[in-house]
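Welcome! Here is a short briefing to read alongside the structure, with a few stops picked out for a newcomer.

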Amino acid sequence: MTYALLAALFLLPPVLVTALAAVVRRPGPRWWAVTAATIAALLVLTIVFDSVMIAADLFRYDETQLSGLRIALVPVEDLAWPLAAGLLLPSLALLLNPQEKDR
């Protein structure tokens, strides 16, 4: 299994939960903006810290399983995890707490 396939499988539940939250709770533009800002911050932090860890040789990837696309030293497949967290947690909060709609 390639890292891209694993990342896609990992992203599927958060995307579905986000779609469900969007349909059921109809969040306002502020919710979407805050969620997007959170995801952007998580992606930047992941790129910075993973690049440092990769440069320090703290971990390695099987290069044959990667797409070859990188941002700094980070394979794009590695960005699925912060994207999933940035989608799933606010979406669950929205579904579980209806008052979160306009916050």
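Asp50 is buried, yet this charged residue has no salt bridge in the predicted model. The nearest side chain of opposite charge belongs to Arg70, 9.5 Å away. A salt bridge needs a side-chain nitrogen of Lys or Arg within 4 Å of a carboxyl oxygen of Asp or Glu, so Arg70 does not qualify as a partner for Asp50.

**Around Asp50**

- You can find Asp50 in helix H2, which covers residues 29-55.
- Which residues does Asp50 touch, leaving aside those up to four places away in sequence? They are Leu45, Phe59, Val74 and Asp78.

**Salt bridges**

- Side chains of opposite charge can pair when their charged atoms come close.
- How many salt bridges does a search of the whole structure find? The search finds 2.
- One salt bridge joins the side chains of Arg60 and Asp57, with 2.6 Å from N to O.
- Arg60 counts as exposed because its relative accessibility is 67%, over the 50% mark.
- Its partner Asp57 has a relative accessibility of 42% and so counts as partly exposed.
- Another salt bridge links Arg70 with Glu63, and here the N to O distance is 2.9 Å.
- Arg70, the residue met above as the nearest opposite charge to Asp50, is partly exposed, with a relative accessible area of 34%.

**How H2 meets H3**

- Two packed helices are described by the angle between their axes and the distance between the axes.
- For H2 and helix H3 (residues 80-96), the axes come within 8 Å and cross at roughly 150 degrees.
- Angles over 145 degrees count as roughly antiparallel, which means that H2 is roughly antiparallel to H3.
- Is the crossing of H2 and H3 left-handed or right-handed? The crossing is right-handed.
- On the H2 side, the contact is made by Trp31, Thr35, Ile39, Leu42, Leu43 and Thr46.
- On the H3 side, the contact is made by Pro82, Leu83, Gly86, Leu87, Pro90, Ser91 and Leu94.

**A look at Ser91**

- Ser91 is part of helix H3 and is one of the residues that make the contact with H2.
- Is Ser91 buried or exposed? Ser91 counts as buried, because its relative accessibility is 0%, and buried means under 20%.
- Not counting residues up to four places away in sequence, Ser91 touches Val17, Thr18, Ala21 and Trp31.
- Trp31 also appears among the H2 residues in the contact between the two helices.

Methods:
Residues numbered from 1 in each chain as written. Predicted model: local features only at pLDDT ≥ 70, side-chain atom pairs only at ≥ 80, totals over all residues. Heavy atoms only, no water. Helix = DSSP H or I, 4+ residues; strand = E, 2+ residues; numbered from the N terminus. Buried < 20%, exposed > 50% of the residue type's maximum accessible area, 1.4 Å probe, protein only. Lys, Arg positive; Asp, Glu negative; His and termini not counted. Contact = heavy atoms within 4.5 Å. Axes fitted to C-alpha atoms, helices over the stretch in contact; angles between N-to-C directions. Parallel < 35°, antiparallel > 145°, perpendicular 65-115°, else oblique. Left-handed = near helix turned anticlockwise from the far one by under 90°.
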